[in-house]
Amino acid sequence: MSSSLGRIKALLIKELQDIRTNFNVLVMYVIPIFMTALYKSFIPQMPEGFALGFGVLFLVVMVGMYVPSMIIAEEKEKKTLEVLILSPAKPVEVFIGKGLLTFLSMMAAFIVLLVISGNYFKHFDVLLSATVITSMFSILVGMMVGLLAQNQMSTGIVGLPLYLLFMMVPLFGAMNVGVMKAIGRVLPTYYYFDMIRLAFDEGKGIFDMIAHLGILVFSVGIAFLILLLIYKKKRLE
Amino acid sequence: MIEVRHLKKSYGNKEALKGIDFRVEAGEVFGLLGPNGAGKTTTIKILTGQIQPSSGEARVLGKDAMKQKEEIKLHMGIVPEKANLYERLTVRQNLELFCRLYGCDLGQVDSYLEKVHLMNEKNSPVKKLSKGMKQRVLLIRSMLHQPKLLFLDEPTSGLDPASAEQIHKLLLELNQKGMTILLTSHNMEEVEKLCDRVAFLDEGTIKAMGTIEELKLKYASRKMRVWIEGENGIEEKLMDMDGRESAACMEEWIRQGKLRSIHSCEPTLADIFVKITGREIV
């Protein structure tokens with residue numbers, strides 16, 4: 001009989017073996033790195049932290065949501081999710097096992113972004129804690145998109161409006177576009193981007209942003225519950 | 001091993017199962033036969049806890065198929081109709097994933113691969129395998145945790161005769177070792193070869209059930225076809241099994257040494273299905 005940890009490890013190993021030849025997914029990790037390097041090299045007058053802010057926001061929202069949505073939609077499309085449902089793995093283990101590699105890869109890409117943006121770990125405590133929690137939120141939303149989409153092709157239709165909402169609204173909100181700021185207040189990614197802004201523009205530390213962190217943690221909890229509800233509904237269809 | 005009572009399942013207005021009842025005993029190979037859309041896959045999905053019935057009861061290994069599915073799934077294996085393997089992973093990686101999920105020995109993978117002649121393909125990505133090879137990988141995957149009960153949904157659908165034969169051989173071996181098997185099929189030859197008992201499922205109801213011999217005798221026409229040595233060579237005659245006239249003819253032909261062959265004209269399972277439902281299994 002396998003343990004819960006053993007089953008999560010089994011899924012992590014599978015994801016690691018699978019991602020090596022999954023170019024659709026691999027290419028997504030390159031985009032934020034490429035874009036941050038581009039901003040940094042060609043627009044040097046950009047405010048401090050903006051190139052990094054854009055890069056990590058893209059990483060956390062687009063990569064964090066797109067990659068798991070594709071992974072889960074593929075499992076659904078190829079009926080391999082059925083096999084996992086019928087195995088001893090519990091839903092929580094399936095989601096942790098499948099999301100863990102995306103999370104670890106995102107953290108590796110995050111470190112690369114810190115280095116190429118020239119930030120060299122300034123405000124590291126704020127950036128790390130906010131990125132870790134928001135990444136979890138994004139991965140959970142990506143998994144929801146994967147479960148709701150019929151197949152890999154339709155993840156775009158289901159997911160794109162969400163990706164744009166979670167990414168563009170905080171960006172416009174930071175530029176003080178009124179409506180966007182108002183909408184942004186209900187989105188966790190707004191608080192994520194705001195934490196980066198507060199750290200870089202106002203020099204605030206992690207203890208000044210406890211409320212922001214609280215909102216992010218709360219969002220992760222809610223997203224996880226919604227994911228489990230969707231999974232339970234979908235598995236019985 | 002399996003007990004189904006008044007099982008019903010509706011999808012919207014469409015009734016996929018209209019209240020079916022059957023039992024499968026331990027060590028038995030039980031076949032659910034019927035055309036596409038008869039309700040075979042729905043029945044398997046309910047028994048394996050994948051979908052909830054609208055009403056009725058389904059018990060597997062003495063447990064409620066919905067309420068106790070977590071306990072049941074440790075002891076059952078499933079071979080679906082369509083290969084649901086991880087295509088980018090190799091055969092070995094696919095099987096090792098399931099060993100890890102069930103906590104069984106990784107070392108047994110090679111011995112199973114050897115048994116189904118897939119050792120040479122163990123490091124090939126699944127997407128490069130033929131349909132027959134994939135089906136054999138699915139069968140191994142379903143057996144890794146040594147289940148007591150195996151569900152097979154159209155196990156040899158679309159396979160070439162040689163691949164189908166290999167699968168049949170393996171299933172019979174497993175059954176001889178005590179594994180209970182429930183399979184769905186619309187391949188009558190396969191069913192005759194493998195099953196101890198069968199149920200004909202059509203439009204969500206069981207139309208007939210029994211051993212293959214029982215069904216054949218029940219629906220036999222009581223005619224026989226005989227071949228005798230006639231004046232112009234071998235002659236074929238269709239005769240009633242009952243009656244003095246047939247008995248007298250047979251006695252005469254035997255005495256004269258003219259009888260060459262007798263066939264009892266039992267119907268095939270396909271004939272029985274047509275007789276019961278008025279249409280072919282397709």
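**Stop 1: a loop and a greasy patch on chain A**

Select Ile43(A) in this predicted model: the residue is found in the loop between α2 (23-42) and α3 (50-77) of chain A. Ile43(A) has a relative accessible area of 32%, so it counts as partly exposed. Now add Val30(A), Phe34(A), Leu38(A) and Phe42(A) to the selection. Together with Ile43(A), these residues make a nonpolar surface patch of about 510 Å².

**Stop 2: helix α6 of chain A**

Next, select residues 124-148 of chain A, which form helix α6. How far apart should the ends of this helix be? With 25 residues at 1.5 Å a residue, the expected span is 36 Å, and the end C-alpha atoms are 35 Å apart, so the two agree. Turn on a surface for the surroundings and look at how the helix is covered. Of the 25 residues of α6(A), 18 are buried, so the helix is largely enclosed by the rest of the structure.

While you are here, pick out Ser135(A) and then Leu104(A). Their C-alpha atoms are separated by 9.9 Å, although the two residues are 31 apart along the chain. Leu104(A) belongs to helix α5 of chain A, and with a relative accessible area of 43% it is partly exposed.

**Stop 3: aromatic rings**

Over all chains, the structure holds 6 aromatic pairs. For one of them, select Phe95(A) and Tyr231(A): their rings are edge-to-face, 5.1 Å centre to centre, with 75° between the planes. Which parts of chain A does this pair tie together? Phe95(A) lies in helix α5 (residues 91-116) and Tyr231(A) in helix α10 (residues 210-235), so the contact joins parts that are 136 residues apart in sequence. Are these two residues buried or exposed? Phe95(A) is buried, at 4% relative accessible area, and Tyr231(A) is buried too, at 3%.

Now jump to chain B and select Phe22(B) and Phe30(B). Their ring centres are 5.2 Å apart and their planes are at 10°, so this pair is stacked. Phe22(B) is buried at 3% relative accessibility, and Phe30(B) is buried at 0%.

**Stop 4: chain B as a whole**

Zoom out until all of chain B is in view. Its secondary structure comes to 10 helices and 13 strands. The C-alpha atoms fill a box of roughly 70 × 45 × 30 Å along the principal axes. Chain B has 282 residues, of which 50% count as buried.

**Stop 5: Arg141(B) and its surroundings**

Select Arg141(B) and Phe98(B) and look along the side chain of the arginine. The charged end of Arg141(B) sits over the ring of Phe98(B), 4.9 Å from the ring centre. Then add Leu97(B), whose C-alpha atom is 9.5 Å from that of Arg141(B), with their positions 44 residues apart in sequence. Leu97(B) sits in helix α3 (residues 91-102) of chain B and is buried, with a relative accessible area of 1%.

**Stop 6: salt bridges**

How many salt bridges does the structure hold over all chains? There are 36. Begin with Lys14(A) and Glu15(A), whose side chains meet at 3.2 Å, N to O. Both of these residues are buried. Expand the selection to Asp18(A), Glu74(A), Glu75(A), Lys78(A), Lys98(A) and Arg88(B): along with Lys14(A) and Glu15(A), they are linked in a network of salt bridges.

Go back to chain B for Asp110(B) and Lys122(B), which form a salt bridge of 3.5 Å, N to O. Asp110(B) is in helix α4 (residues 108-115) and Lys122(B) in the loop between α4 and α5 (131-143), so the bridge ties together parts of chain B that are 12 residues apart in sequence. Asp110(B) is partly exposed, at 24% relative accessible area, whereas Lys122(B) counts as buried at 18%, since the cut-off for buried is under 20%.

For the last selection, choose Glu229(B) and Arg260(B), where a salt bridge has an N to O distance of 2.9 Å. This pair links distant parts of the chain: Glu229(B) is in strand β11 (residues 223-230) of chain B and Arg260(B) in strand β13 (residues 259-263), 31 residues apart. Glu229(B) is partly exposed at 32% relative accessibility, and Arg260(B) is partly exposed at 46%.

Terms used: Residues are numbered from 1 along each chain as its sequence is written. Chains are lettered from A and ligands numbered from 1 in the order in which they are written. This is a predicted model: local features need pLDDT of at least 70, side-chain atom pairs count only at pLDDT 80 or more; totals for chains, interfaces and linings use all residues. Side-chain values use heavy atoms; hydrogens and water are left out. Patches are made of residues with over 30% relative accessible area and no salt bridge: like charges are joined within 9 Å, nonpolar side chains (Val, Leu, Ile, Met, Phe, Trp, Tyr) within 5 Å. Accessible areas come from the Shrake-Rupley method with a 1.4 Å probe; for residues, only the protein chains shown count as cover. A salt bridge is a side-chain nitrogen of Lys or Arg within 4 Å of a carboxyl oxygen of Asp or Glu. Helices (H or I, at least four residues) and strands (E, at least two) are DSSP runs, numbered from the N terminus. Buried means under 20% relative accessible area, exposed over 50%, partly exposed in between (1.4 Å probe, protein chains only). The expected span of a helix is 1.5 Å times one less than its number of residues. Rings of Phe, Tyr and Trp (its six-membered ring) pair if their centres lie within 6.5 Å; planes under 30 degrees apart count as stacked, over 60 as edge-to-face and the rest as tilted. A charge sits over a ring if NZ of Lys or CZ of Arg is within 6 Å of the ring centre and within 35 degrees of the ring normal.
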